[in-house]
Amino acid sequence: MNMEIDWLLDYNPVLLALGATLFTWFVTALGSAMVFFFKSINKKVLNSMLGFAAGVMIAASFWSLLKPAIEMSEANGTTSWMPAVVGFLAGGAFLFMVDKILPHLHMGLSTDKAEGIKTTWQRSVLLVLAITLHNIPEGLAVGVAFGALANNPDAGMLAGAIVLAIGIGLQNFPEGAAVSIPLRREGFSRLKAFNYGQLSGIVEPIAGVIGAYLVLTITPLLPYALSFAAGAMIFVVVEELIPESQTGNETDLSTIGAMLGFATMMFLDVALG
């Protein structure tokens with residue numbers, strides 16, 4: 001795989017990050033398009049999908065982000081664990097603050113259960129913002145991974161970034177469906193539910209470009225940036241995806257989904273990266 005993608009190293013890492021995150025957004029849109037074929041989604045299927053997404057994000061956080069951050073720190077002669085720990089906790093703290101500030105509402109809850117700053121925004125906007133919050137660290141992770149090419153422009157690093165984008169895109173498909181189909185069930189038209197679903201993923205190209213640009217501008221930031229993205233993703237998994245996937249009487253399927261998601265991402269990263 002490495003020899004086949006060498007030609008991509010000639011491109012600006014920010015442009016590569018943009019292209020990769022546009023791909024992850026496109027897969028989100030494909031998932032959202034399922035609303036044109038289904039009006040509702042079985043709770044067990046939804047839980048399995050969310051569990052799968054959680055597993056992918058957990059695996060990506062380590063194999064694609066934390067592990068490279070530790071290896072880079074060791075190669076630079078710095079304390080190997082310092083950037084990983086500091087960046088990881090900073091990423092979690094950032095998402096914690098955003099979670100407390102950004103108005104959003106999780107599926108199945110009434111508007112009085114909305115989190116963040118109190119607002120009179122419509123329920124549909126609050127629902128989409130909840131999923132948008134999930135997608136910020138995903139886009140950031142892909143952007144940082146491609147931005148790392150400026151410091152280490154080799155085929156192995158590029159392959160790892162591509163695999164990360166594929167993994168994030170893979171879990172974006174069920175996430176897109178998990179947004180649009182419940183919105184349809186709540187009374188939205190199919191087109192409106194689709195638009196809101198795909199719109200939740202548009203933040204990924206924005207976060208991706210910002211992440212890549214910051215890494216290019218401040219090279220020593222790279223191990224911290226990789227760990228920051230990992231911390232933000234794990235926060236989303238623990239705070240949102242796992243609890244939402246465990247609702248209802250049947251939790252085994254969501255657990256199996258998480259295991260399969262982790263195994264899939266681990267395979268992609270280790271075998272293809």
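In this predicted model, the buried residues of helix α9 are Ser254, Gly257, Gly261, Met265, Leu268 and Asp269. When the helix is viewed down its axis, these buried residues of α9 fall within an arc of 90 degrees, so they line one face of the helix. The face of α9 that is turned away from this buried side carries exposed residues, namely Asp252, Met259 and Val270. What covers the buried residues of α9 includes three other helices, which are α2 (43–75), α5 (155–185) and α8 (222–245). As for its dimensions, α9 runs over residues 252–272, has 21 residues and reaches 30 Å from its first C-alpha to its last, which is close to the 30 Å expected at 1.5 Å a residue.

One of the helices that cover α9 is α8, and a residue of that helix can be looked at in detail. Gly231 has its place in helix α8, and because its relative accessibility is 3%, under the 20% cut-off, Gly231 counts as buried. If residues up to four places away in sequence are not counted, Gly231 touches Phe88, Gly91 and Gly92. Gly231 can also be related to Leu65, which is 166 residues apart from Gly231 in sequence, while the two C-alpha atoms are 9.5 Å apart in space.

Another helix that covers α9 is α5, and this helix leads on to a further packing arrangement. Two packed helices are described by the angle between their axes and the distance between the axes. For α4 and α5 the angle is about 170 degrees, and the axes are 9 Å apart. That angle makes α4 roughly antiparallel to α5. The contact is made on the side of α4 by Leu127, Ile131, His134, Asn135, Glu138, Ala141, Val142, Ala145 and Phe146, and the residues of α5 that take part include Leu158, Ala161, Ile168, Asn172, Glu175 and Leu183.

Asn172, which is found in helix α5, deserves a separate look. With 0% relative accessibility, Asn172 counts as buried. Leaving out residues up to four places away in sequence, Asn172 touches Asn135 and Glu138, and also Thr24, Val27, Thr28 and Glu204. Asn172 and Gly201 are 29 residues apart in sequence, and their C-alpha atoms lie 8.2 Å apart in space.

Helix α4 also meets helix α7. The axes of α4 (residues 123–147) and α7 (residues 203–217) come within 6 Å and cross at roughly 40 degrees, and α4 passes α7 in a right-handed crossing. Among the residues that make this contact are Thr132, Asn135, Glu138, Gly139, Gly143 and Gly147 of α4, together with Val203, Glu204, Ala207, Gly208, Gly211 and Val215 of α7. Thr132 is found in helix α4, and at 14% relative accessibility Thr132 counts as buried. Once its neighbours within four places in sequence are left aside, Thr132 is in contact with Ser200 and Val203.

On the α7 side, the buried residues are Val203, Glu204, Pro205, Ala207, Gly208, Gly211, Ala212 and Val215. These buried residues of α7 pack against α1, α4, α5, α6 and α8. The 15 residues of α7 should span 21 Å at 1.5 Å a residue, and the end C-alpha atoms of the helix are 21 Å apart, which agrees.

Two of the helices against which α7 packs, α1 and α6, also pack against each other. The axes of helix α1 (residues 13–32) and helix α6 (residues 190–199) come within 8 Å and cross at roughly 155 degrees. This crossing angle makes α1 roughly antiparallel to α6. The contact is made by Trp25, Thr28, Ala29 and Ser32 of α1 and by Phe194, Gly197 and Gln198 of α6, and α1 passes α6 in a right-handed crossing.

Beyond α1, the loop between α1 and α2 holds Lys39. In this case the relative accessibility is 51%, so Lys39 counts as exposed, the cut-off being over 50%. Lys39 nevertheless has partners, for it is in contact with Ile181, Arg184, Arg185 and Arg190 when its neighbours within four places in sequence are left aside. The C-alpha atoms of Lys39 and Leu253, which are 214 residues apart along the chain, are separated by 22 Å.

Key
Residues are numbered from 1 along each chain as its sequence is written. This is a predicted model: local features need pLDDT of at least 70, side-chain atom pairs count only at pLDDT 80 or more; totals for chains, interfaces and linings use all residues. Side-chain values use heavy atoms; hydrogens and water are left out. Helices (H or I, at least four residues) and strands (E, at least two) are DSSP runs, numbered from the N terminus. The expected span of a helix is 1.5 Å times one less than its number of residues. Buried means under 20% relative accessible area, exposed over 50%, partly exposed in between (1.4 Å probe, protein chains only). The arc is that of the directions from the helix axis to the C-beta atoms. Contact means heavy atoms within 4.5 Å. Axes are lines fitted to C-alpha atoms, for helices over the stretch in contact, and angles run from 0 to 180 degrees between N-to-C directions. Angles under 35 degrees count as roughly parallel, over 145 as roughly antiparallel, 65 to 115 as roughly perpendicular and the rest as oblique. A crossing is left-handed if the near helix is turned anticlockwise from the far one by less than a right angle, and right-handed if clockwise.
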